[in-house]
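Colleague: I am new to reading protein models, and I would like to learn how to go from a picture to careful statements. Could we take a few features one after another, with the general idea and then the case at hand?

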Amino acid sequence: VEYLIVGGGGGAGSTYGGGGGGGGVVAGSKSVGASTFSVTVGSGGVGSVDQLSSATIGDSSVFDGVTALGGGRGGSLRAPLTTEGQTGGDGASGGGGAGADANRPGGSGTTGQGFDGGASFGSATAEERVGGGGGGASEAGEDAANDAPGNGGDGVASSITGTSVSYGGGGGGGNRESGPVGLGGAGGGGN
């Protein structure tokens with residue numbers, strides 16, 4: 001049997017937040033007999049909806065002992081107001097860093113499942129701060145630049161359904177309310 005396992009994507013950060021990392025993508029095949037198999041479908045992480053709540057990592061998906069990890073959470077400026085909270089979280093693909101008074105790195109991806117998240121652009125001027133893109137299953141998230149949030153990394157294309165579809169894209173980095181946002185990567189990454 002052929003299989004394609006996709007983990008849940010990480011939640012996006014708030015307030016110049018980083019994009020969530022794409023869920024891991026694991027494809028392969030195995031010989032099976034008539035039997036019952038355990039399957040777990042991982043949920044996506046919860047995005048940060050205000051300045052007090054942090055985003056969460058996506059859940060892992062599992063088929064018969066083969067695991068696709070969840071994506072890392074995007075960093076948020078004030079949830080919590082620490083360098084660690086502003087840094088993107090680790091996962092299958094890393095979440096993007098949040099815009100703060102200095103650049104914050106994206107989280108680390110996991111070899112064989114995804115790539116790192118992009119760094120934010122930090123500044124003492126709040127209007128210039130923007131978040132980095134979340135990593136995708138096939139490429140890293142884009143680093144942000146002055147008032148230009150990073151785009152999310154693309155996912156992996158698969159034709160297991162008979163049509164080529166991408167899976168595991170990272171989310172685009174965030175900005176202030178009136179500014180542009182980063183684009184999500186191919187395969188499910190949100191803008």
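Modeller: Let us start with a single contact, keeping in mind that this is a predicted model. The side chains of N175 and D147 are joined by a polar contact of 3.3 Å. A polar atom of the N175 side chain also lies 2.8 Å from the backbone oxygen of P180.

Colleague: Where in the chain does N175 lie, and is N175 buried or exposed?

Modeller: N175 belongs to the segment that follows β7, which spans 165–167. Its relative accessible area is 11%, and because the cut-off for buried is under 20%, N175 counts as buried.

Colleague: Which residues is N175 in contact with, if we leave aside its neighbours within four places in sequence?

Modeller: With those neighbours set aside, N175 is in contact with Y16, R129, V130, D147, P149, P180 and V181.

Colleague: D147 has now come up twice, so let us turn to charged pairs. What is the general idea, and how many salt bridges does a search of the whole structure find?

Modeller: Side chains of opposite charge can pair when their charged atoms come close. A search of the whole structure finds three salt bridges. In one of them, the side chains of D147 and R176 meet with an N to O distance of 2.9 Å. This pair links distant parts of the chain, since D147 lies in the loop between α1 (83–86) and β6 (156–158), R176 lies in the segment after β7, and the two are 29 residues apart. D147 is partly exposed, with a relative accessible area of 29%, and R176 is also partly exposed, at 26%.

Colleague: What parts does the salt bridge between K30 and D64 tie together?

Modeller: The side chains of K30 and D64 meet at 2.8 Å, N to O. K30 is in the loop between β2 and β3, whereas D64 is in the loop between β4 and β5, so the pair ties together parts that are 34 residues apart in sequence. K30 is partly exposed at 24% relative accessible area, and D64 is partly exposed at 33%.

Colleague: And how do R104 and D101 compare in exposure?

Modeller: R104 and D101 form a salt bridge in which the closest N and O atoms are 3.3 Å apart. R104 is buried, with 13% relative accessible area, while D101 is exposed, at 53%.

Colleague: Let us move to strands. Which way do the side chains of β1 point?

Modeller: In a regular strand the side chains alternate between the two faces of the sheet. Strand β1 covers residues 2–6, and there Y3 and I5 point to one face and are buried, while E2, L4 and V6 point to the other face and are not buried. β1 is joined by five bridges to β2, residues 25–29, and the two strands run antiparallel. Within that pairing, Y3 has G28 as its bridge partner in β2.

Colleague: What is the order of the strands in the open sheet?

Modeller: Strands of a sheet pair through backbone hydrogen bonds, either parallel or antiparallel. The open sheet has three strands in the order β3-β4-β5, and the pairing is antiparallel. β3 and β5 (66–68) stand at the edges with a single partner strand each, so one side of each has no neighbour in the sheet. Three bridges pair β4 with β5 in the antiparallel sense, and V62 stands opposite T67 in β5.

Colleague: What should I look for in the backbone angles of T15 and Y16?

Modeller: Most residues other than glycine have a negative phi, and most peptide bonds are trans. T15, however, has a positive phi, near 55°, and Y16 has a positive phi of about 60°. T15 is in the loop between β1 and β2, and Y16 is placed in the loop between β1 and β2 as well. T15 is partly exposed at 22% relative accessible area, whereas Y16 is buried at 13%.

Colleague: Finally, which residues form the nonpolar patch on the surface?

Modeller: The patch is formed by V1, V32, F37, V39 and V41, which together have about 440 Å² of accessible area. Among them, V41 lies in the loop between β3 (39–40) and β4 (61–63), and V41 is exposed, with a relative accessible area of 69%.

Key: Residues are numbered from 1 along each chain as its sequence is written. This is a predicted model: local features need pLDDT of at least 70, side-chain atom pairs count only at pLDDT 80 or more; totals for chains, interfaces and linings use all residues. Side-chain values use heavy atoms; hydrogens and water are left out. Helices (H or I, at least four residues) and strands (E, at least two) are DSSP runs, numbered from the N terminus. Buried means under 20% relative accessible area, exposed over 50%, partly exposed in between (1.4 Å probe, protein chains only). A polar contact is a pair of N or O atoms within 3.5 Å; within protein, one must be able to donate a hydrogen and the other to accept it, and residues adjacent in sequence count only if both atoms are side-chain atoms. Contact means heavy atoms within 4.5 Å. Patches are made of residues with over 30% relative accessible area and no salt bridge: like charges are joined within 9 Å, nonpolar side chains (Val, Leu, Ile, Met, Phe, Trp, Tyr) within 5 Å. Accessible areas come from the Shrake-Rupley method with a 1.4 Å probe; for residues, only the protein chains shown count as cover. A salt bridge is a side-chain nitrogen of Lys or Arg within 4 Å of a carboxyl oxygen of Asp or Glu. Two strands pair if DSSP finds at least two bridges between them.
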